[in-house]
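Subject: Structure handover

Hi,

Here is the structure I promised to pass on. Have a look at it first, and then read my notes below.

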Amino acid sequence: NQLKPLIGEKTKIISVDKFSYSDLLEYIGIMLPGKIQNIESFARLIDILTRGNPFYIDKLLRIFLQDEIIRCNSSTWGMTNKKILGLLDDSTAESLISSSIQRNYSQDKFLLQLISCFQSADFSLIDEIISLDKEEMDRHIQGLVDASILIKNETNDKITIAYSHDIISKLIYANISQEKKQEIHFLIANKMMQKIDREDTFDDIIVAHLLKSNREAIAMEADRWINLLFDTGMKKKMITLIDQARAVFELCIGLLPDCKTIDNTFKVKVWLECAECYSLLDRTDEALRIIDALLETNKNKAIIELIKLKQLYIYHYHRQHENVINLGKQLLKDMGLSVNKIEMPYNLILLKFLYSKSRIKRLAERPMVINEKLLRTQDVLTLMTICATLSSNNMSACLCLKAAVYCGKSGSSTNSIFGYVSGAFILLTVWKDTHRALLLGNTVSDLLNSTDDKNKSFAYFILGTFFAPILHSMVASEDYLLKSIKHGETAGDFV
């Protein structure tokens, strides 16, 4: 760590094994050249305190030298008996290192605490938090760098400060009271939030500090923090950091009573996202209790649709296919849409018109759907079709056709690609139109590569199972199916 700023990124970490007693004797001889009085008893003391950890051994020897526990007289090293007796009250290397730092650098106590809360800190941010003039700050930092407690790294006009070893950072952090930790973490989050030109990665860091801050301090400015927290929770959920997302949404829920500027829809969304995280963490009963409570306390039609859609996803995650289909029918009815086999002949003819060659070629150019009701309807149809197909429900063909027609009519969105896949499947199997099926299949493949559609896994599964073997090759089929597995794992959804 100390060499890295000097020699750049091309460093190799070499793990040093635990020192044997003979290794320890040899190392002491290198560190303390010359004769050593009672070297075996001294080595035994070091061995007991450090348990053979090379980092602790090096640090303790330096502490002994600095505190004159060992001194050299006429090329002979000896120990100060009184100090050794006092030393034996401390039974671990950790406590010795910690007490040595606290004793010798008491004037830098807050600075050391602050950096331990950061892990690696931007010097300019430290400078803003600790109000010292530049020369005095540089002197304090340099003193700690010279003592091998901190390292300073300068790259691209940016200075970062970190501990020379994780062990020291953890020791300092462990000795901060819980109240003081919360105070420092909130101070850091506050300062970072004030930066107008803050980097995108700052938001994650700010939220990490807020999670370790005092809840009452955050609640005093709840409206200032709530959107940042919610957006960060959504990002974490999207990249499947579910437990982290859960912690962020729980913090959001705690702030809701103190928020004055958000509406009821936003509050419901916070609860729903937290419920979804519980479901993904196998806390389904808690998730469904939240859903039931929200349905009981909300009467607005749009909000009820939102709640039931999340309920649909929770059923889907846990393979409750029949529940998805039954709740989906109810939702579609509430949205003014029906799914029945009587419509199938009409929809088959309509599909042929909606997916003409000219229309297929223009699919990628269609404007994105932003209407919430259309998006929710596409979502419901997609989930119902997937569940009906996986459970061999007799509604699967009807739903597949309905999804294809609805998405062909309503337009492109992150939810519509599955409808397009369904359309290609029907063109191939019902209409026997290989050319149009291939054209639509290739268009869907291109769209899948450029979208964040959460139903990618099943779409690739359909392409790999039904299209590629007939229209391409088994190699192409395998490629699609591997993509299906990859995106299924990412989404926590395995086909």
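**The hairpin and its sheet**

Strand 5 and strand 6 make a hairpin with 2 residues between them, and Asn156 in the turn has a positive phi of about 50°. Before going further, please keep in mind that this is a predicted model.

The two hairpin strands, strand 5 and strand 6 (residues 158-163), run antiparallel and are joined by 6 bridges. If you want to find the register by eye, start with Lys152, whose bridge partner in strand 6 is Ile161. Leu150 is another handy marker, standing opposite Tyr163 in strand 6.

The hairpin belongs to an open sheet of 3 strands in the order 4-6-5, with antiparallel pairing. Strand 4 (120-122) and strand 5 (150-155) are the edge strands, each pairing on one side only. From one strand to the next, the twist averages 25°. As a reminder, strands of a sheet pair through backbone hydrogen bonds, either parallel or antiparallel.

**Salt bridges**

How many salt bridges does a search of the whole structure find? The search gives 17. Side chains of opposite charge can pair when their charged atoms come close.

Take Lys237 and Glu276: they form a salt bridge, with the closest N and O atoms 2.6 Å apart. Lys237 is in helix 14 and Glu276 is in helix 16 (residues 264-280), so this pair ties together parts that are 39 residues apart in sequence. Are these two residues buried or exposed? Both Lys237 and Glu276 are buried.

Helix 15 has a salt bridge of its own, where the side chains of Arg246 and Glu250 meet at 2.8 Å, N to O. Arg246 and Glu250 are 4 residues apart in helix 15, so about one helical turn separates them. Arg246 counts as buried because its relative accessible area is 16%, under the 20% cut-off. Glu250 has 28% relative accessibility, so it counts as partly exposed.

Then there is Glu286, which forms a salt bridge with Arg283, the closest N and O atoms being 2.8 Å apart. Glu286 is partly exposed at 29% relative accessibility, and Arg283 is also partly exposed, with a relative accessible area of 28%. There is a network to look at as well: salt bridges that share partners join Lys237, Glu273, Glu276 and Lys310 into one.

**A nonpolar patch**

Which residues make the nonpolar surface patch of about 290 Å²? They are Met238, Ile239 and Leu241. Ile239 sits in the loop between helix 14 (222-238) and helix 15 (242-255). With 55% relative accessibility, Ile239 counts as exposed, because the cut-off for exposed is over 50%.

**Cysteines**

On disulfides, the count comes to 0. For context, a disulfide is a covalent bond between the sulfur atoms of two cysteines. Two of the cysteines you may want to look up are Cys117 and Cys387. Cys117 has 4% relative accessibility, so it counts as buried. Cys387 is buried too, with a relative accessible area of 0%.

That is what I have for now.

Cheers

How values were computed
Residues numbered from 1 in each chain as written. Predicted model: local features only at pLDDT ≥ 70, side-chain atom pairs only at ≥ 80, totals over all residues. Heavy atoms only, no water. Disulfide = S-S within 2.5 Å. Buried < 20%, exposed > 50% of the residue type's maximum accessible area, 1.4 Å probe, protein only. Patch = residues over 30% accessible without salt bridge, like charges linked within 9 Å, V, L, I, M, F, W, Y side chains within 5 Å. Areas by Shrake-Rupley, 256 points an atom, 1.4 Å probe, with all protein chains shown as cover. Salt bridge = Lys/Arg side-chain N within 4 Å of Asp/Glu carboxyl O. Pairing = 2+ DSSP bridges. Axes fitted to C-alpha atoms, helices over the stretch in contact; angles between N-to-C directions.
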